[in-house]
Each structure stands twice: as structure tokens, then as C-alpha cells.
Amino acid sequence: MTALGIVSIAVLTLVALIPTGLDDLRKSSLKQAEARIIQSVVGTYQMISWGSPGAAMTLPDKEFYFDIRGTALKKGDIDHAITARAVVDKTTPPTLAGDSSPSKHLRKLKVLITSQINNTAAFSDPLLYHERSVIVANLEQTKL
């Protein structure tokens, strides 16, 4: 009877840990998806045209759509689970460490990520989205 009691306590302890483990697994997969999303958004902004050389380089704000794993999708795809909004900072371009002058070939980008599907107010409420700031570079038009 004592052995059965010890075994049942051990099994109940293990069963009680399952929800915590599953929650940690879900959070980990969302962090991985978020990293893929940021990489995809930055790659897109580095590949698009920033305007003609010598002219003021402007970048548009855009929305991107992803599945739960962070794979890019088109706007109308059924598996759309995550929306990312990229907002380009229109103020002074960022500076690099060691160089105090702003670089016209760099832009600060805020990436807002939400799993609220078709909710236009999701980007208005900071509790419904994650915000990450990154710097994108226009590598094609720089001069060494």
C-alpha cells in the first residue's frame, strides 16, 4: 500500500508538470516564429528599392502575413495566423557607433507582431502585440 502511495504521488507530480511543459513549448515556438518573421521583414526591406540614387530614399510601411511557424504567406491565405506591421521611422536616420553623422543608407524599423487575426485594433493596444526595433541597411547604394 505504501509503495502504491509513493508511485501515485510521483505520477500525479509528473502529470501536474505537463501543462507547464506544454506552455513553455508554445512560448518557445512563438519566439522562434517571431525571429523568422523579423528576419523575413528585414530581408524584404533590404531587397526592395529605396528610390533612385541621390534622391531622398523613402520606404513604405507594410503589413506581412505569416503562419504559426513564421512562414511568410500572402494576404488572403487561409493559414494566416500572425500579422506583422513594419513601420519605418521617418525622422533622422540612425547613426552607427563611432560615427555620429546619420547615414542615409540606414533606417530604423519597428516591427509590430500580433496573433490577433483580422483585428484592426490589435496594433492600437500594446497588450495585443510585440514590438521589436531593428535597423535595416540599403547595401546596394552605399559607397565604400
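Let me start in the middle of things: Phe-66 has Ala-72 of strand S2 as its bridge partner. Strands here are DSSP runs of E with at least two residues, helices are runs of H or I with at least four, and both are numbered from the N terminus.

Before going on, a word on the model. It is a predicted one, where local features need pLDDT of at least 70 and side-chain atom pairs count only at pLDDT 80 or more, while totals for chains, interfaces and linings use all residues. Residues are numbered from 1 along each chain as its sequence is written, and side-chain values use heavy atoms, with hydrogens and water left out.

Back to our hairpin, then. S1 and S2 form it with five residues between them, and in the turn sits Gly-70, with a positive phi of about 90°. The two strands are antiparallel and share two bridges. That meets the rule for pairing, which asks DSSP to find at least two bridges between two strands.

Now let's zoom out. The chain holds one helix and five strands, and from the N terminus the elements read α-β-β-β-β-β. So how are the five strands ordered in the sheet? The order is S2-S1-S3-S4-S5, in an open sheet with antiparallel pairing. Strand S2 (72-73) and strand S5 (130-137) are the edges, each pairing on one side only. Helix H1, residues 2-47, packs on this sheet and touches S1, S2, S3, strand S4 (106-114) and S5; touching means a contact, that is, heavy atoms within 4.5 Å. The direction of H1 makes about 35° with that of S5. For that angle, axes are lines fitted to C-alpha atoms, for helices over the stretch in contact, and angles run from 0 to 180 degrees between N-to-C directions.

Next, please look at S1 and S3. Strand S1 covers residues 62-66 and strand S3 residues 82-88, and they pair in the antiparallel sense over five bridges. Phe-64 has Ala-84 in S3 as its bridge partner, and Glu-63 has Arg-85 there. As a reminder, in a regular strand the side chains alternate between the two faces of the sheet.

Glu-63 and Arg-85 also meet through their side chains: they form a salt bridge, with the closest N and O atoms 2.6 Å apart. By salt bridge I mean a side-chain nitrogen of Lys or Arg within 4 Å of a carboxyl oxygen of Asp or Glu. Because Glu-63 lies in strand S1 and Arg-85 in strand S3, the pair ties together parts that are 22 residues apart in sequence. Are these two residues buried or exposed? Somewhere in between: Glu-63 is partly exposed at 32% relative accessibility, and Arg-85 is partly exposed too, at 27%. Buried means under 20% relative accessible area, exposed over 50%, and partly exposed in between, with a 1.4 Å probe and protein chains only.

The count for the model comes to six salt bridges, and helix H1 supplies a nice little group. Asp-23, Arg-26 and Lys-27 are linked in a network. Arg-26 meets Asp-23 at 2.8 Å, N to O; these two are three residues apart in H1, about one turn of the helix. Asp-23 also meets Lys-27, at 3.5 Å, and that pair is four residues apart, again about one turn. Asp-23 is partly exposed at 28%, as are Arg-26 at 43% and Lys-27 at 44%.

The same helix brings me to Leu-22, which is placed in H1 and is exposed, with a relative accessible area of 53%. Leu-22 belongs to a nonpolar surface patch of about 550 Å², together with Val-7, Val-11, Val-15, Ile-18 and Leu-25. Patch residues have over 30% relative accessible area and no salt bridge; like charges are joined within 9 Å, and nonpolar side chains (Val, Leu, Ile, Met, Phe, Trp, Tyr) within 5 Å.

Finally, some totals. Buried residues make up 26% of the 144 in the chain. The chain exposes about 9800 Å², and carbon and sulfur atoms supply 61% of that; accessible areas come from the Shrake-Rupley method with a 1.4 Å probe, and for residues only the protein chains shown count as cover. Thanks for listening!
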